[in-house]
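The following exercises concern one protein chain and its ligand. Each task is followed by a worked solution.

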Amino acid sequence: MDLNALAQHFSIPGILSFSQTEHGLRRASISSPACSAEIYLQGAHLTQWQPKGAKPVFFLSERSQFESGKAIRGGVPIIFPWFGNRTPTALSQRSDGPSHGFARTEEWTLAFAALAGDEVHLTLTLDPSETSRSLGYDQFQLVYQLSLGAELRLRLTVRNLSSEPLWFEDALHTYFAVGDAREIAIHGLAGTRYLDKTDHFKVKVQDEPVLRLTGRTDRPYLDTVAAVDLEDPLYARRIHVEKSGSRTTVVWNPWAASAAQLPDLTPEGWLQMACVETANVAADAITLAPGEQHTTEARILVRSDAIRQPC
Ligand code: TA6
């Protein structure tokens, strides 16, 4: 659907409008009494959400390329059908394809947009494409429902439309904006097992009651349904992330040395970000029987920490 058709079908005067970047990426912009937000149709990529009176909640790299087929660095990339590098599974010996799968660089379809009270509800869908078929994914549908208001709800549903089982990993690979990654504290993962990707994927347990970042951190925490609080003293706020349909929480910050290897991140960019991802990866990967579906949901809200609150 071109820009005019999008505007004709889905615009909500004063609330929801559409535009296009110089590289031809189409985006929806939201400005409601409760929040402002921006989402690109490529990857159904939510790049910003800012509740009224709060700072932007997501980190968005100023070096993101915003070009067709290139992943945007920041916001909430949708990771599907594999996390990281593709590796053989019980259902497929293949290991080809882009890091983090194809969903975040494919063109999604806007299927629904509405204002209900102060909340804007959007639904985007992804169907098989030449790219997904070439990678062995030809009978599925993704449905992504966003509720954008004073809080944010993201629901990613995967449907198996084939007569065979469908294996996948998924992640809402959320980049949170922070005042200084060295000062934040991440609550909710104490005693939880994780894979330490900075140490050959060794299985470890977080002994500390609270996670503070002191270097490159790359941890899928497994078999956890816990809510997480990201405490940010510099921004005087606490970002609360609840989830359902997700048994993995990934925490990632590249730190200085690895950040220097990322062309779409400024050398200091790592200081302003922390990824806390709502996911199902590795042992938590999902296999759908024919006709089955699964929904991964994140609910995000921001609390001012001006007055210290219990976690
Ligand atoms: O979620 C953490 C992670 O898997 C890291 O290992 C790092 O690769 C990060 O994702 C970013 O991946 P990307 O492909 O977006 O550069």
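**Exercise 1. Determine the secondary structure content and the overall dimensions of the chain.**

Solution. Step one: the secondary structure of the chain, in this predicted model, comprises three helices and 23 strands. Step two: along the principal axes, the C-alpha atoms occupy a box of roughly 50 × 50 × 35 Å. Step three: the radius of gyration of the chain is 19 Å, and a compact globule with 311 residues would have a value near 19 Å, so the two agree.

**Exercise 2. Describe the backbone features of the loop between β5 and β6 at P81 and H100**.

Solution. Step one: P81 is located in the loop that connects β5 (78-79) and β6 (109-116). The peptide bond leading from F80 to P81 is cis, and its omega is near 5 degrees. Step two: H100 is also placed in the loop between β5 and β6. H100 is not a glycine, yet its phi is positive, at about 65 degrees.

**Exercise 3. Identify the residues that surround the ligand and classify them**.

Solution. Step one: the surrounding residues are R73, F83, S99, H100, R104, H173, K197, D218, V250, W252 and E277. Step two: sorted by class, this shell contains five charged, three polar and three nonpolar residues. Step three: as for the site itself, the ligand takes up the space of the largest pocket.

**Exercise 4. Which distances separate oxygen atoms of the ligand from polar side-chain atoms of H100, R104 and D218, and what percentage of the ligand's accessible area does the protein cover?**

Solution. Step one: for H100, a side-chain N or O atom is 2.9 Å from an oxygen atom of the ligand. Step two: for R104, a polar side-chain atom is found 2.9 Å from a ligand oxygen atom. Step three: for D218, the distance between a side-chain N or O atom and an oxygen atom of the ligand is 2.6 Å. Step four: the ligand on its own has 390 Å² of accessible area, of which the protein covers 81%.

Methods:
Residues are numbered from 1 along each chain as its sequence is written. This is a predicted model: local features need pLDDT of at least 70, side-chain atom pairs count only at pLDDT 80 or more; totals for chains, interfaces and linings use all residues. Side-chain values use heavy atoms; hydrogens and water are left out. A residue is near a molecule or strand if one of its heavy atoms lies within 4 Å of it. A polar contact is a pair of N or O atoms within 3.5 Å; within protein, one must be able to donate a hydrogen and the other to accept it, and residues adjacent in sequence count only if both atoms are side-chain atoms. Accessible areas come from the Shrake-Rupley method with a 1.4 Å probe; for residues, only the protein chains shown count as cover. On a 1 Å grid over the protein atoms alone, a cavity is a set of points where a 1.4 Å probe fits but cannot get out, and a pocket is an open set with protein on both sides within 12 Å along at least five of seven lines; lining residues have an atom within 4 Å of a point. A molecule sits in a cavity or pocket if more than half of its atoms lie within 2 Å of its grid points. Ala, Val, Leu, Ile, Met, Phe, Trp, Tyr, Cys and Pro count as nonpolar, Asp, Glu, Lys and Arg as charged, and the others, Gly among them, as polar. Helices (H or I, at least four residues) and strands (E, at least two) are DSSP runs, numbered from the N terminus. The radius of gyration is taken over C-alpha atoms; the globule rule is 2.2 Å times the number of residues to the power 0.38.
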